[in-house]
Each structure stands twice: as structure tokens, then as C-alpha cells.
Amino acid sequence: MSVARAERLVNLVLCLLSTRQYLSAEKIRGIVPGYSDAPSDEAFFRTFERDKTELRELGIPLEVGRTKVVDTVDGYRIARRDYELGEIDLEPDEAAAVALAVRLWDSPELTGAAHGALLKLRAAGVDVDQSAPTVVESKVRTTEPAFGPLLAAVQAGQAVAFDYRRPSPAELRQRQLEPWGVVSWRSRWYVVGHDRDRGAPRCFRLSRIVGEVRKVGKPGAVRRPDDVNLMAFVANTNNAEPPQSATASLWIAAGRGAGLRRRARVVGEREVDGIAGDLVELDLLYPDTAAGWIAGYGADVLVLEPEVLAKSVRERLLAAARGPM
């Protein structure tokens, strides 16, 4: 969300909280900063409709009605009794758990939600101490491009389609999934849901999703079954398929990639685009998930085999070149 839009929404909420009367759209246009800049009436009403939808999705109770019988158009207001946060009573250990969760999350999609929850707790008078030392200092990171779209689809109850790369045999297939949730297991992210192609529950590793996650159907059509334990489902699925070590063949520019060289075996020499380098072999337990690590070396490293790993590294490098959208 842009800064201008965020400020406009805050101003709109403050305006509608400050009145007991229903304010028409035209009155709001003249009162709330940000609406007067609209180049036309049509542009204003489009912006206003989007803002109303945004407020409702945030859980803000927007009332529609008329102050007087003679009023010819509907107006808007926010009832303070419905907007104010109810009383929250957390035990000391529960408040500490909230503070720890906020400190652990380190992803754009979840950091904002975690800090928003923290602000609400403080507004309700709950003392949440973020400065207290903790034994756990690691971060829960979400670097997979598919994470945000899949999380949004779960929240919207909407089916998705995506291209999924299988490690063995190496092939790319399109999947249609009714997502129930996104979970982290053993430092890897998975989406769990009903696979429409197989007609059964399945989980998919986010690092193997190629390209964009596309929405399918209408929001609200997907509902998670009450008796499904997402974490247990992922654990049981992965335990049933023990990992197999694979050997990757790479080219590393001369004098570069020291971290890779420490774990690799030099098996030859080769020039790539006129640059001298070494051919190395590297044993990997999870070849596809090593893509992020290898891509970090940029043009100094080229994956020759397996093709699954080579494609994954190329995709990450291309995504880095495009930059944030």
C-alpha cells in the first residue's frame, strides 16, 4: 500500500469516527485530504469504492444510512462502540509469546501483521516487552516468490493454478489446488490443499513452484476441512518419501566461489564465455532447495547438471534482476 493511500484511509477513518451523522460521499470528498485531487467525479468514486472495500476487509465496521428522512443519498459513518477494541486479558507467558513471535517473523507478508497485533495489544493495555532477552534468536524467513500469492489465496478462500517442477523424474506440470494453508516444516515452506488434478489432499514445496501463482474461480469457494492438521500432513508426506542424495555439476570462475569450493570436488577445467574456471561436483541432499544458496554467487557460478537445479537458479537470478514489483 502506498503512503498516500495509507494516509487517506487513516484520514477517512478519523473523519467517520468523529461524526454521529451519516456523511455523504460528496461531503467526504470535501473533508478528507486526498480525495480533492481526483481529476474527475468518476475517478473519485472509483477511489472511494476501493477505500470502502479496504476498510471492510480490515474489519472496520462501516455503517451506511441516512441521518434524516429527507436525505436523498446514503451516507457513511463508523460507530465507535463497534470500532473500539474489546478487553484483552493475557497471562504474562502469553504476552511473552506474542512478543517472541513478533521478533521472529522476518518477511514482508507477515512482519506487518505481527506488528499490527502488537500495536492492538498495547492499545488494549497489555504490556508486551520486546526488549526482554530470548534464547531463540533465529528468524523465520520467507523468500519464496509464491509465498505471498498463496497466503493471499488461503485467506481469500480461492483456488490457484501454478507450474510445479518435480525433482524425479525432472518434469514441469501444471497443478490446480484448493489451498488450505501454508506451513513451514524443517526450514522449508509448503502449501497444503486439495489437488484438483489428483482429486486428493496434497502438499507442494514452494521452492519447486515455477513462475506466477494464478487465481482460479471466485473467492470464498475454498474451505479448509476442520479435521486437517496441516503440519502433520506435511511431516507424514515427507517421511514417506526419504530424501535421496544427488550430485550436481557446476562451473566456478577461477578464484571465485570459495564457499562452494570448500564443499565441492574439482574434476576439470573449462572456459565459459572466455572466462577461465573449474568444473566441480557437489553432493546435495536437496538439489532444488540449494538454488538460493548457489544463486547468491551470481555470474561466478554456472549449474550444468541437474537441469532441475539449473532452471531453479536461473529463475532466482532473473527474479533478482527484475527487482521488487
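In this predicted model, Phe 44 has a relative accessibility of 0% and is therefore counted as buried. Phe 48 belongs to the buried class as well, its relative accessible area being 2%. Both residues are carried by helix H3, where they are four residues apart, a spacing of about one turn of the helix. The structure as a whole holds nine aromatic pairs. In the pair formed by Phe 44 and Phe 48, the ring centres are 5.8 Å apart and the planes meet at 10 degrees, so the arrangement is classed as stacked, the cut-off for that class being planes under 30 degrees apart. These two rings also take part in a wider arrangement, since ring pairs join Tyr 35, Phe 44, Phe 45, Phe 48 and Tyr 76 into a cluster. A contact of another kind involves the ring of Tyr 22, over which the charged end of Arg 77 sits at 4.2 Å from the ring centre.

Helix H3, which spans residues 41-57, also contains the charged residues Lys 52 and Glu 49, placed three residues apart, or about one turn of the helix. Side chains of opposite charge can pair when their charged atoms come close. Lys 52 and Glu 49 form a salt bridge in which the closest N and O atoms are 2.9 Å apart. The two partners fall into separate accessibility classes: Lys 52, at 5% relative accessibility, counts as buried, whereas Glu 49, at 42%, counts as partly exposed. The value for Lys 52 leads to its assignment because the buried class comprises residues under 20% relative accessible area.

The bridge within helix H3 belongs to a set of 13 salt bridges found by a search of the whole structure. Another member of the set is the contact between the side chains of Asp 74 and Arg 66, with an N to O distance of 2.9 Å. Here Asp 74 is partly exposed, with a relative accessible area of 37%, and Arg 66 is likewise partly exposed, with a relative accessible area of 42%.

A further salt bridge connects Glu 281 with Arg 265, the closest N and O atoms being 3.2 Å apart. This pair links distant parts of the chain, given that Glu 281 lies in strand E12 (residues 275-284) and Arg 265 in strand E11 (residues 265-272), with their positions 16 residues apart in the numbering. Glu 281, at 29% relative accessibility, counts as partly exposed, and Arg 265 is placed in the partly exposed class at 37%. The contact does not stand by itself, as Arg 265, Glu 281 and Asp 283 are linked in a network of salt bridges.

Strand pairing was examined for the segment that includes strands E5, E6 and E7. Strand E5, covering residues 159-166, runs antiparallel to strand E6, covering residues 171-185, and seven bridges join the two. Within this pairing, Asp 163 has Gln 174 of E6 as its bridge partner. Strand E6 is in turn joined to strand E7, made up of residues 188-195, by eight bridges, and these two strands also run antiparallel. In the pairing with E7, Trp 185 stands opposite Arg 188. Strand E6 is thus paired with E5 and with E7, because at least two bridges are required for a pair.

How values were computed: Residues are numbered from 1 along each chain as its sequence is written. This is a predicted model: local features need pLDDT of at least 70, side-chain atom pairs count only at pLDDT 80 or more; totals for chains, interfaces and linings use all residues. Side-chain values use heavy atoms; hydrogens and water are left out. A salt bridge is a side-chain nitrogen of Lys or Arg within 4 Å of a carboxyl oxygen of Asp or Glu. Buried means under 20% relative accessible area, exposed over 50%, partly exposed in between (1.4 Å probe, protein chains only). Rings of Phe, Tyr and Trp (its six-membered ring) pair if their centres lie within 6.5 Å; planes under 30 degrees apart count as stacked, over 60 as edge-to-face and the rest as tilted. A charge sits over a ring if NZ of Lys or CZ of Arg is within 6 Å of the ring centre and within 35 degrees of the ring normal.
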